[in-house]
Amino acid sequence: MDKRSRKRALRIAEIVVSIAIVVGIFAFASPKFASYGDVWAAVQKMTWLEIATLVGISVFNIATYWPLMVASMPGLTFGQAAVNNQSSSSIANTLPGGGLIATGITYTMYRSWGFTNTQIGLTALITGIWNAFVKLAMPVMALAALAITGQGSTTLVIPALIGLAILLAAVALFAGVLWKKSLARAIGGGLGKVASLARRVVRKPSVHWGEAAVRFRKQTLGLLSRRWPALTISALVSHFSLYLVLLLALRHVGVSDQEVGWAQVLGVFAFVRLITLVPLTPGGVGLVELGYIGGLYVAGRDAADVPIELFRAQITAAVLVFRTLTYALQIPMGALTYVIWQRKRSWRKPVPTEESPETAVAATQG
């Protein structure tokens, strides 16, 4: 089998597995937990005011990611960040393996607005790193909240410790790359060797990241010296506003704080967000819903003051409403922003000559 045929076969296998997971969860697993009729009945009990507040906080959550993009790429406007993020998110959330296509759309848009490969690569790395840091830190924050409220659970200790260990290792590596050029070269080279071993399994060529890490260090130092507070605050606000949508959805369908406390919701949310670091389906669809439903049910089943069938329906309804607002809502928004990108000719700029690392550092300090 040649390289192209092998790539096509892997792509088909990825699509088949993704579809099988989604169908298995929504057609078989979820209905056994709570009937869709009971779930719909729980949704219908929400008032118009409750629906309006959910939609409002969901729109706010979607918009909170745009400042992170603006902070990571000097020269990017808020409107451009919105168009880029929503268009790429729509594709990533819709297609199996859509992340690769979304990356291509992101790159094409940035280039049409005059940004260089160096700037595009830097914003992708920085936003990815900051999001990963927050995802890894959230289980630790959740465990602290559970301890303070007296709702601690041993089931969350292990993921919190795993998240803490990975976070400390990631921060140490990141700090090492920024500290010294020689250390950046060594860390990049080591990570490149690890990646090469994984690539060898799928018969891909080795990668060498030593010098790339040195270039990344130069480009990043100038950006972070001025913008790390904005990056950190915007990343935290983005993640916690998403948590707030889930919390409000639970309260609006009738799950009280006595049944599942806010700290317990945060713990389940943090754990599921940790799982999404390894995407198996587009946007984690199916697996994310299953994780939220199962985690929230375990957290509140012993304290439920309604029949257990109703509690199951309320939990499922809240999670499906949450995912509709934060996942499905972005798909039509992405179609609209894609049209805006095609028609907004005033944003178009020629791409300047690719700058050297030294010039890139100076540009990030503006």
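Residues 24 or more positions apart account for 76% of the contacts in the protein with a separation of 6 or more. The model is a predicted one. It contains 14 helices and zero strands. Read from start to end, the pattern is therefore helix after helix, α-α-α-α-α-α-α-α-α-α-α-α-α-α. Of the 366 residues in the protein, 43% are buried.

Confidence varies along the chain. The average pLDDT is 79, and 77% of the residues score at least 70. Among the elements, α3 has the highest mean pLDDT, at 92, and α14 the lowest, at 41. Over residues 355–366 the pLDDT is below 50. That stretch still has 21 contacts in the model beyond near neighbours in sequence. Where pLDDT is low, the predicted coordinates should not be read in detail.

The nonpolar interior was examined next. The largest nonpolar core holds 59 residues, and within this core Tyr-292 and Leu-296 touch the most other members. At least two residues of this core come from each of α2, α3, α6, α7 (157–179), α9 (210–252), α10 (262–275), α11 (287–300) and α12. Leu-296 illustrates the packing. Leaving aside neighbours within four places in sequence, Leu-296 is in contact with Leu-246, Leu-250, Val-260, Val-265, Val-268, Phe-311, Ile-315 and Val-319. A second, separate core has 19 residues, including Val-83, Ile-105, Met-109 and Trp-341.

Helix α2 (residues 36–44) has a buried side and an exposed side. Val-39, Ala-42 and Val-43 are buried in this helix. Viewed down the axis of α2, the buried residues fall within an arc of 100 degrees, so they line one face of the helix. An α-helix has 3.6 residues a turn, so residues three or four places apart point the same way. The buried residues of α2 pack against α12 (308–328). On the other side of α2, Gly-37, Trp-40 and Gln-44 are exposed.

Helix α3 provides a long-range example. Ile-57 lies in α3. Its relative accessible area is 15%, so Ile-57 counts as buried under the 20% cut-off. Ile-57 and Leu-242 are 185 residues apart along the chain, yet their C-alpha atoms are separated by 8.5 Å. With neighbours within four places in sequence left aside, Ile-57 is in contact with Ser-241, Leu-244, Val-245 and Leu-248.

Aromatic pairing was then considered. A pair of aromatic rings is described by the distance of the centres and the angle of the planes. The count comes to ten aromatic pairs. In one of them, the ring centres of Trp-66 and Phe-78 are 5.4 Å apart and the planes stand at 75 degrees, so the pair is edge-to-face. Trp-66 belongs to helix α3 (residues 48–72) and Phe-78 to helix α4 (residues 78–94), twelve residues apart. Trp-66 is buried, at 13% relative accessibility. Phe-78 is partly exposed, at 44%.

A further pair joins Trp-113 and Trp-347. Their ring centres lie 5.7 Å apart with the planes at 90 degrees, so this pair is also edge-to-face. Trp-113 sits in the loop between α5 (98–112) and α6 (117–149), and Trp-347 in the loop between α13 (330–343) and α14 (357–364), so the pair ties together parts that are 234 residues apart in sequence. Both tryptophans are buried: Trp-113 has 3% relative accessibility, and Trp-347 has 18%. Tyr-110, Trp-113, Phe-115 and Trp-347 form one aromatic cluster.

A polar residue meets members of this cluster. Gln-80 is found in helix α4. Gln-80 is buried, with a relative accessible area of 6%. Apart from neighbours within four places in sequence, Gln-80 is in contact with Gly-75, Trp-113, Phe-115 and Trp-347.

One contact between a charge and a ring completes the survey. The charged end of Arg-323 sits over the ring of Tyr-327, 4.7 Å from the ring centre.

Technical notes. Residues numbered from 1 in each chain as written. Predicted model: local features only at pLDDT ≥ 70, side-chain atom pairs only at ≥ 80, totals over all residues. Heavy atoms only, no water. Phe/Tyr/Trp six-rings, centres within 6.5 Å; stacked < 30°, edge-to-face > 60°. Helix = DSSP H or I, 4+ residues; strand = E, 2+ residues; numbered from the N terminus. Buried < 20%, exposed > 50% of the residue type's maximum accessible area, 1.4 Å probe, protein only. Lys NZ or Arg CZ within 6 Å of the ring centre and 35° of its normal. Arc of directions from axis to C-beta. Contact = heavy atoms within 4.5 Å. Core = buried A, V, L, I, M, F, W, Y, C linked by side-chain atoms within 4.5 Å. pLDDT = per-residue confidence, 0-100.
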